[in-house]
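Hi everyone, thanks for coming. Have a look at the screen, and I'll take you through this one piece by piece.

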Amino acid sequence: MAVSFEFERDRAYSRLVDLIFGGSFEADHPLSERKLAQQLGIGRMPVRDALRQLEQEGVVEVKPARGTFIRKLSAADISDIYELREALECLATRRAAERGPSLALTSCGKKMRIMARDPSAFTSREIDDVGTDFHDALIQSSASAPLAEMVRLMRMRFRLAFHLPRYFAHALVQEILVEHITIFEAIVNRQPEEAAELMRRHLKRGLEIRLELDRAPGTDTTKDKTRGTENI
């Protein structure tokens with residue numbers, strides 16, 4: 001019975017994450033346990049536990065007498081989260097350059113170089129997916145269990161802050177691809193400080209794009225129906 005409940009709870013959590021970041025919910029509408037349970041075909045208790053976990057991870061917030069809502073981040077919130085992400089990923093980049101790339105990171109580097117030869121042969125989503133894999137493999141290349149754990153604990157907050165809709169021009173996605181390759185090459189060449197600085201600039205640019213989207217009139221990033229660009 002316990003195993004079955006744990007499975008249902010994990011399934012509820014996974015489905016809720018997909019729905020939230022897939023733009024299926026209006027930010028101003030409360031997330032009803034009863035309606036979610038019906039929609040997912042799962043009991044209310046697993047849904048309740050999944051919502052509690054998402055609350056702990058900073059994705060949703062409970063407003064007394066109103067309900068549970070997707071958390072809205074201010075520009076200050078996004079900047080604070082960026083600072084932490086910068087500290088963690090720049091450290092991971094520096095350590096990866098000191099050690100040299102792992103097999104997973106090397107594999108990502110090869111894929112990115114192939115894409116860079118003819119970006120028009122790939123969709124923005126395909127290029128972005130490899131970029132996401134690059135950031136994940138970079139954390140692994142740091143070979144630091146505490147660092148990887150910190151990133152894991154903050155992953156949902158990072159995703160909430162930098163979940164950008166896929167309406168970027170293909171040219172911008174190509175520019176991001178070039179930035180990733182430049183960082184990768186600095187790691188391969190064992191240039192820790194250079195690699196860390198390139199990562200800092202890369203993330204800084206991502207922050208500027210994210211804040212600019214919030215300032216753009218008529219922009220509502222919560223309604224995008226595709227997976228967001230998380231790797232800039």
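Let me start with a question: which residues are buried in helix α2, residues 33-40? The answer is L36, A37 and L40. If you look down the axis of α2, those buried residues fall within an arc of 100°, so they line one face of the helix. There's a general point behind that: an α-helix has 3.6 residues a turn, so residues three or four places apart point the same way. Now turn α2 around, and on the face away from the buried side you'll find K35 and Q38, which are exposed. Just past the end of α2 comes G41, with a positive phi of about 70°.

Okay, let's step back. I should say that this is a predicted model. The protein chain has nine helices and two strands, and along the sequence they come in the order α-α-α-β-β-α-α-α-α-α-α. There are 232 residues in the protein chain, and 46% of them count as buried. And if you take the contacts in the chain with a separation of 6 or more, 80% are between residues 24 or more positions apart.

Next, the strands. β1 covers residues 60-63 and β2 covers residues 67-70; they run antiparallel, with four bridges joining them. Want a landmark? Find E61, which stands opposite F69 in β2. The hairpin has three residues between its strands, and A65 sits in that loop. A65 has a positive phi of about 65° even though it isn't a glycine. It's also exposed, with a relative accessible area of 91%.

Carry on past β2 and you get to K72, in the loop that leads to α4. Buried or exposed, what do we call K72? Its relative accessible area is 51%, and the cut-off for exposed is over 50%, so K72 counts as exposed. Still, K72 has company: leaving out residues up to four places away in sequence, it touches A27, D28, E61 and D77. With D28 there's a side-chain to side-chain polar contact, at 2.6 Å. As for A27, that residue is 45 residues from K72 in sequence, yet their C-alpha atoms are 7.6 Å apart.

Now jump along to α7. In the loop between α6 and α7 there's A143, another residue other than glycine with a positive phi, this time near 55°. A143 counts as partly exposed, at 42% relative accessibility. Right at the start of α7, a side-chain oxygen of S144 comes within 3.2 Å of the backbone nitrogen of L147.

How far apart are the ends of α7? With 18 residues, at 1.5 Å a residue, this helix should span 26 Å, and its end C-alpha atoms are 24 Å apart, which agrees. That said, α7 does bend, by about 50° at M154. M154 is also one of the buried residues of α7, and others among them are L147, V151, F158 and A161.

A161 takes us to my last stop. Its backbone oxygen lies 2.5 Å from a polar side-chain atom of R210. R210 belongs to helix α9, residues 192-215, and at 5% relative accessibility it counts as buried. So that contact has a buried residue of α7, A161, on one side and a buried arginine, R210, on the other.

That's my tour, thanks for listening.

Methods: Residues numbered from 1 in each chain as written. Heavy atoms only, no water. Expected span 1.5 Å × (residues − 1). Bend = angle between axes of the 7 residues up to and from the residue. Buried < 20%, exposed > 50% of the residue type's maximum accessible area, 1.4 Å probe, protein only. Polar contact = N/O pair within 3.5 Å; in protein donor to acceptor, adjacent residues only side chain to side chain. Pairing = 2+ DSSP bridges. Arc of directions from axis to C-beta. Contact = heavy atoms within 4.5 Å.
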